[in-house]
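This report describes selected features of one protein structure. Please examine the sequence and the model before reading further.

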Amino acid sequence: MDGVVALQDPPPWEDEPTAAARLRARLSGQVDWSAVLDQCTPWVQAVRRHPGPPWALESLLHEFPLSSQEGMGLMRLAEALLRVPDAETALLLTADQLKGTERQPALARTDDQGLLGPLTHHVLALAQTLLPAADHAPQGWLQRLGGSAVVAATVRAVQLLGQQFVLGQDIDEALSRAARLRKQQPDRRLCFSFDMLGEGARTWADAETYFQAYRTALTSLASHIAQATDQPAQQGSRRDLRDGLSVKLSALHPRFESPQGPAIIDALVPRLAELARLAAQANLQLTLDAEEAWRLELQLAVLDALLEHLSGIQDAPALPAWSGLGLAVQAYQFRAPHVIDRLAAMAQRHGRRLTVRLVKGAYWDSEIKRAQELGLPGFAVYTRKAHTDLSYLACAQQLLGHHAWLFPQFATHNAATVAAVMQLARQQPLSHGQFEWQRLHG
């Protein structure tokens, strides 16, 4: 291959008010919001009637909303503390986030669930007493002891919060927990998409490590399915499509960027084809996970080349009927509707139905920062959550319209979004089982 990957998509940035107005016009009269409210309100009420344990995220946000200094400090800690390389820096970070918060008096509670608020307020008060000043190193053994205890407690709290979203530390632990969840809900068909957090190759050794980890995960998934069913999957059956694995292309190549495009495609396609063989043999899903906006063109070029490569493989009987290959599309990107149309055309050209997992977006902070650093004329993503929610519904409607070649999968934690997409799906001439909801963990 010669040259670089050609730009086929429109520019990534757009005037946001104009784009939002176009989305509203597209959805005008398509969603009955009173019906959406009627449908999703009982779901929300049921969740609130059965709250999670005291360390659950919803309990924490109830006591410390993001509109408060304490809430913002705690969420910043939850996001950043586990990335800090040493205890000294972690101590200073904790001091910086909590030292300046205003302690609000805790309300007296009599119910067990209400113990979280007063207890956490007392812990924060103690933390502010023991933590060092945020602008200098800790002084004295008492402050060190107290600060270390606060850091340790915060790390443990972050780990407990993570249990809501992360199934396990490795694939075997994740599969065991998934099996327990299925036993707890035997009347429901739970389908899991497994993802390895924190992927990102900096060297070829990293890329090889991640490739072997993906192979191991697919092998474990296939073995788990074989043990659970004692019979092979029915190839090509949509209703029998099972769990899947998400892979990041930036984890399989240390220089996943457009100037290296042709060389990257040549290097990645054989590796992805091997993963596709493993997935097809067990009728698993294999999803190319979301990347930053500046990698989008290269990601689509890799998928196109992979589809072309798979069509020429003659020694893998499961591959022709396998339709578990797909891509995650981020609705907060202005180009998301164009990407969906392009995927539909790609699927039709190669004669293979693709799965498309619609998500809202995962790299908002880095997208904004990159645009500012490079002095770009605009951002690649919507800057308001309401506009992202609007784009998600417009993309969902578009995706459902392409159901002949794209298998829609909707990933969201928002009850109103779920109800609205279900309403949009009922407007399409879909047979039972032609679209799927995924509960994503991690």
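## Helices, cores and a loop residue

In this predicted model, the axes of helix α13 (residues 336-350) and helix α15 (residues 385-401) come within 10 Å and cross at roughly 10°. Angles under 35 degrees count as roughly parallel, and α13 and α15 are therefore roughly parallel to each other. On the α13 side, Ala336, Pro337, Ile340 and Asp341 make the contact; on the α15 side, Cys395, Gln398 and Leu399 do so.

Which residues have the most contacts inside the largest nonpolar core? They are Leu272 and Leu343, in a core of 87 residues. Helix α11 provides the largest share of this core, with 11 residues. Apart from it lies another core, of 8 residues, including Ala293, Tyr363, Ile368 and Val381. In soluble globular proteins, nonpolar side chains tend to be buried together.

Leucine 343 is in contact with Leu300, Leu303, Leu327, Val329, Leu354, Val356 and Leu406, when its neighbours within four places in sequence are left aside. With the same exclusion, leucine 310 is in contact with Ala273, Ala276, Leu319, Trp322, Leu325 and Arg352. The C-alpha atom of leucine 310 is separated by 9.5 Å from that of histidine 350, although these residues are 40 apart along the chain.

Two residues can be set side by side by their place and burial.

| Residue | Place | Relative accessible area |
|---|---|---|
| Leucine 310 | helix α12 (residues 296-311) | 2%, buried |
| Asparagine 283 | loop between α11 (261-281) and β3 (285-288) | 2%, buried |

Buried means under 20% relative accessible area, so asparagine 283, at 2%, counts as buried. Its backbone also deserves attention. Most residues other than glycine have a negative phi. Asparagine 283, however, has a positive phi, near 55°.

Helix α16 (residues 415-426) offers a simple check of geometry. At 1.5 Å a residue, its 12 residues should span 16 Å, and the end C-alpha atoms are 17 Å apart, which agrees. What caps the N-terminal end of α16? Asparagine 414 does, with a side-chain oxygen 2.9 Å from the backbone nitrogen of alanine 416. The buried residues of α16 are Thr417, Val418, Ala419, Ala420, Val421, Gln423, Leu424 and Ala425. An α-helix has 3.6 residues a turn, so residues three or four places apart point the same way.

Terms used
Residues are numbered from 1 along each chain as its sequence is written. This is a predicted model: local features need pLDDT of at least 70, side-chain atom pairs count only at pLDDT 80 or more; totals for chains, interfaces and linings use all residues. Side-chain values use heavy atoms; hydrogens and water are left out. Helices (H or I, at least four residues) and strands (E, at least two) are DSSP runs, numbered from the N terminus. Buried means under 20% relative accessible area, exposed over 50%, partly exposed in between (1.4 Å probe, protein chains only). The expected span of a helix is 1.5 Å times one less than its number of residues. A polar contact is a pair of N or O atoms within 3.5 Å; within protein, one must be able to donate a hydrogen and the other to accept it, and residues adjacent in sequence count only if both atoms are side-chain atoms. A nonpolar core is a set of buried Ala, Val, Leu, Ile, Met, Phe, Trp, Tyr and Cys residues joined through side-chain atoms within 4.5 Å. Contact means heavy atoms within 4.5 Å. Axes are lines fitted to C-alpha atoms, for helices over the stretch in contact, and angles run from 0 to 180 degrees between N-to-C directions. Angles under 35 degrees count as roughly parallel, over 145 as roughly antiparallel, 65 to 115 as roughly perpendicular and the rest as oblique.
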